Amino acid sequence: MDLSGKITLEVGIQVPAAKFFHVFTKELHNVKDICGRVQGAKLHEGDDMWHSHDSVKQWTSVVGGKATTYKERIEVIDEENKLVRFKVFDDDMNEHYKDLKISLQVSEKNDERGCVKWTIEYEKINEDVEAPYGFVELLDISTKDVVLHLLKA
């Protein structure tokens with residue numbers, strides 16, 4: 001059995017792609033206040049730079065129906081292609097995955113709508129571990145929360 005895998009989720013959004021992308025690249029510290037499933041977030045390492053490659057954030061989110069704690073570091077920000085990739089590690093993640101990366105790519109459909117594509121790449125620690133479907137649910141619901149927040153702004 002293969003321990004590695006990839007899951008992709010695409011969600012249409014009713015806001016411009018650039019605004020949605022901005023939340024995850026310039027306002028990441030606000031996600032804890034926008035997304036209902038995110039219970040807490042704090043800067044773990046770094047000089048108050050939530051959006052730098054050197055910073056490490058610690059998150060507590062509802063994943064798969066239970067509170068889950070993990071750390072995250074930005075690996076890539078590609079402004080031109082509206083792509084950001086996060087490495088998720090430590091805490092509860094070490095119990096299930098050797099490697100877990102989440103990518104967000106946002107594309108324009110027209111001036112008022114966009115498309116969000118989340119990709120989760122993972123390597124489980126053993127065959128008994130389920131693929132990270134709880135993160136798929138978290139990302140789907142969080143996408144909708146961010147869209148609602150942007151529509152109200």
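In this predicted model, the largest nonpolar core has 43 residues, and Phe20, Phe24 and Phe135 are the ones with the most contacts inside it. Helix α3 supplies the largest share of this core, with seven residues.

Let us follow one of those residues. Which residues does Phe135 touch, once its neighbours within four places in sequence are set aside? Phe135 is in contact with Val63, Tyr70, Val88, Met93, Leu100, Ile102 and Ile120.

**Helix α3**

Phe135 is also among the buried residues of α3. The others on that list are Gly134, Val136, Leu138, Leu139, Ser142, Thr143, Asp145, Val146, Val147 and Leu150. You can check the length of this helix yourself: α3 covers residues 133-152, which is 20 residues, and at 1.5 Å a residue the expected span is 28 Å. The C-alpha atoms at its ends are 29 Å apart, which agrees.

**The sheet**

Now turn to the strands. Seven of them form an open sheet with antiparallel pairing, in the order β1-β7-β6-β5-β4-β3-β2. Which strands stand at the edges? They are β1 (4-13) and β2 (38-45); each has a single partner strand, so one side of each is left without a neighbour in the sheet. From one strand to the next, the twist averages 25°.

Here are two of the strand pairs, each with one example of residues standing opposite one another.

| Strand pair | Direction | Bridges | Residues standing opposite |
|---|---|---|---|
| β4 and β5 | antiparallel | seven | Ile77 and Val84 in β5 |
| β5 and β6 | antiparallel | five | Arg85 and Ser103 in β6 |

The β4 and β5 strands also make a hairpin, with four residues between them. In that turn, Lys82 has a positive phi of about 50°.

**Helices on the sheet**

How do helices and sheet come together? Helix α1 (residues 17-26) lies across β1, β4 (66-78), β5, β6 and β7 (113-124), and runs at about 150° to β6. Helix α3 packs on the sheet as well, touching β1, β3 (56-63), β4, β5, β6 and β7. The direction of α3 makes about 20° with that of β1.

To trace this picture in the structure, start at Phe135, one of the residues with the most contacts inside the core, and then look along α3 to the strands that α3 touches.

How values were computed
Residues numbered from 1 in each chain as written. Predicted model: local features only at pLDDT ≥ 70, side-chain atom pairs only at ≥ 80, totals over all residues. Heavy atoms only, no water. Helix = DSSP H or I, 4+ residues; strand = E, 2+ residues; numbered from the N terminus. Expected span 1.5 Å × (residues − 1). Buried < 20%, exposed > 50% of the residue type's maximum accessible area, 1.4 Å probe, protein only. Pairing = 2+ DSSP bridges. Axes fitted to C-alpha atoms, helices over the stretch in contact; angles between N-to-C directions. Contact = heavy atoms within 4.5 Å. Core = buried A, V, L, I, M, F, W, Y, C linked by side-chain atoms within 4.5 Å.
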